[in-house]
Each structure stands twice: as structure tokens, then as C-alpha cells.
Amino acid sequence: MHTSAAGNDTIRKDWDTYFMDIAYMVSTRSRCPRRHVGAVLVQGKKLLGTAYNGAPMGVHDCLEAGCMIAEEIEVKVVEGIEQVIRKQRCIRTIHAEQNLLLFTDRANREGSTVYVTDQPCWTCANMLANSGVAEVVYHRAYPKDSEKVYALMEQKGIVFRQIGTYFAPEQARMDVIS
Ligand SMILES: [Zn+2]
Ligand SMILES: [Zn+2]
């Protein structure tokens with residue numbers, strides 16, 4: 001039987017789990033009741049930044065002023081048939097990925113990995129593509145614009161992947177209104 005020096009390798013968290021757990025704990029700071037998103041910047045296994053979705057500092061947030069709902073329309077072609085999909089989302093908050101970019105330095109981002117609880121939306125993906133980040137790891141899928149986001153990341157040569165078998169920390173789970 002294999003035993004390691006530490007003796008507890010089997011229960012030790014792998015790096016993906018470790019950083020995704022941190023992203024989830026960060027997401028609990030969010031005050032948008034529709035969605036709690038957390039993102040962390042990791043460079044060589046070192047944590048260099050954390051961020052969550054929220055209103056700009058010093059202005060009313062979603063719990064104080066309510067969510068700011070905007071309706072968006074997406075045209076999707078499914079098996080040759082055009083479908084119009086209507087979606088509501090809260091536009092009061094700056095997304096976690098965008099806040100992460102606002103609060104980290106470009107030099108620290110070169111070649112880094114971003115762990116984010118939710119698959120980035122198109123705007124965030126577009127910004128991440130220009131941010132120096134080399135890898136993006138997410139947990140919960142976000143189907144809107146997903147194909148476009150994957151195509152963009154591939155074109156940019158950014159590793160873009162959903163974390164494998166993973167269970168978010170109990171205290172950070174919430175029901176997402178999509
Ligand atoms: Zn909101
Ligand atoms: Zn976004």
C-alpha cells in the first residue's frame with residue numbers, strides 16, 4: 001500500500017479545489033441576491049487577488065436599492081431554426097472578473113490563472129482575453145454566449161475549462177436565478 005510522508009495525501013485538497021473553494025468563499029461577500037460570483041487571481045499557486053460582483057464602492061448596492069434589471073435578447077440558431085431567447089439580468093453590479101481586473105496589476109496577471117465560480121459572460125471573457133491571464137477555470141456553467149466565449153478563448157490560446165468533479169462549500173451555496 002502506498003503511504004506518503006504526510007500520510008494524508010488522499011484527503012488533501014488539490015489546487016483546483018483549494019482555489020475554487022476560496023473563490024466561493026469570496027462570493028459570499030456579494031450583495032446581489034440574484035447571483036453571487038467570486039473570482040481569484042493565482043500566479044504560481046500564489047493568491048494575488050480576490051473579487052466578487054458588486055456595485056461600485058460608495059453607491060447603493062442591490063440590497064439597498066434593489067437589483068437593476070435589464071432584459072436582453074439573444075438570437076440562437078438551434079437545428080437551423082432561429083430562436084429568440086429573452087433573459088433578465090442585474091446590471092447594477094460590476095462582475096467579479098471585471099473587479100478582479102480593476103484591482104490587480106497587469107504584471108501580476110501575465111501567465112496567471114483565474115478561478116471563478118461561474119462561467120464568464122461574453123463581456124468578462126472579452127476583457128479576460130486582453131488581460132494577460134493564461135488560464136480560466138470555472139465551476140457553474142453559464143450557457144449564454146458560451147460557444148462564442150469558448151471560440152474566443154481558443155483563438156487567444158487561453159486554457160478555458162470547467163473544473164472537474166467539485167462540490168462548492170456548503171456555506172457558499174445559493175440558488176441562482178438565471
Ligand atoms: Zn443585483
Ligand atoms: Zn461577466
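Two residues are said to be in contact if their C-beta atoms, placed from the backbone, lie within 7 Å. By this criterion, residues 24 or more positions apart account for 58% of the contacts in the chain with a separation of 6 or more. The model is predicted, and local features were therefore considered at a pLDDT of at least 70 and side-chain atom pairs at 80 or more, while totals for chains, interfaces and linings use all residues. Residues are numbered from 1 along each chain as its sequence is written, and chains are lettered from A and ligands numbered from 1 in the order in which they are written.

The chain contains 6 helices and 7 strands, where helices (H or I, at least four residues) and strands (E, at least two) are DSSP runs numbered from the N terminus. Along the sequence, these elements follow the pattern α-β-β-α-β-β-α-α-β-α-β-α-β. The C-alpha atoms fill a box of roughly 55 × 45 × 35 Å, taken along the principal axes.

Of the 178 residues, 31% count as buried; a residue is buried if 20 or more other C-beta atoms lie within 10 Å of its own, exposed if 12 or fewer, and partly exposed in between, with C-beta atoms placed from the backbone. The largest nonpolar core, a core being a set of buried Ala, Val, Leu, Ile, Met, Phe, Trp, Tyr and Cys residues joined through C-beta atoms within 7 Å, has 28 residues. Among the elements that give two or more residues to this core are strand 1 (38-43), strand 5 (113-118) and helix 6 (146-156), whereas helix 1 gives the most, with 5 residues. Val114 is one of the residues with the most contacts inside the core; leaving aside its neighbours within four places in sequence, Val114 is in contact with Ala39, Leu41, Glu97, Leu100, Leu128, Val133 and Val136.

In helix 5, the residues Cys124, Ala125 and Leu128 are buried. They lie on the same side of helix 5, because they cover an arc of only 100° around the axis, the arc being that of the directions from the helix axis to the C-beta atoms. The buried residues of helix 5 pack against helix 3, strand 5, strand 6 and helix 6.

Arg106, by contrast, is exposed, because 9 other C-beta atoms lie within 10 Å. Arg106 is found in helix 4 (residues 106-109), and its C-alpha atom is separated by 6.9 Å from that of Gly132, although the two residues are 26 residues apart along the chain.
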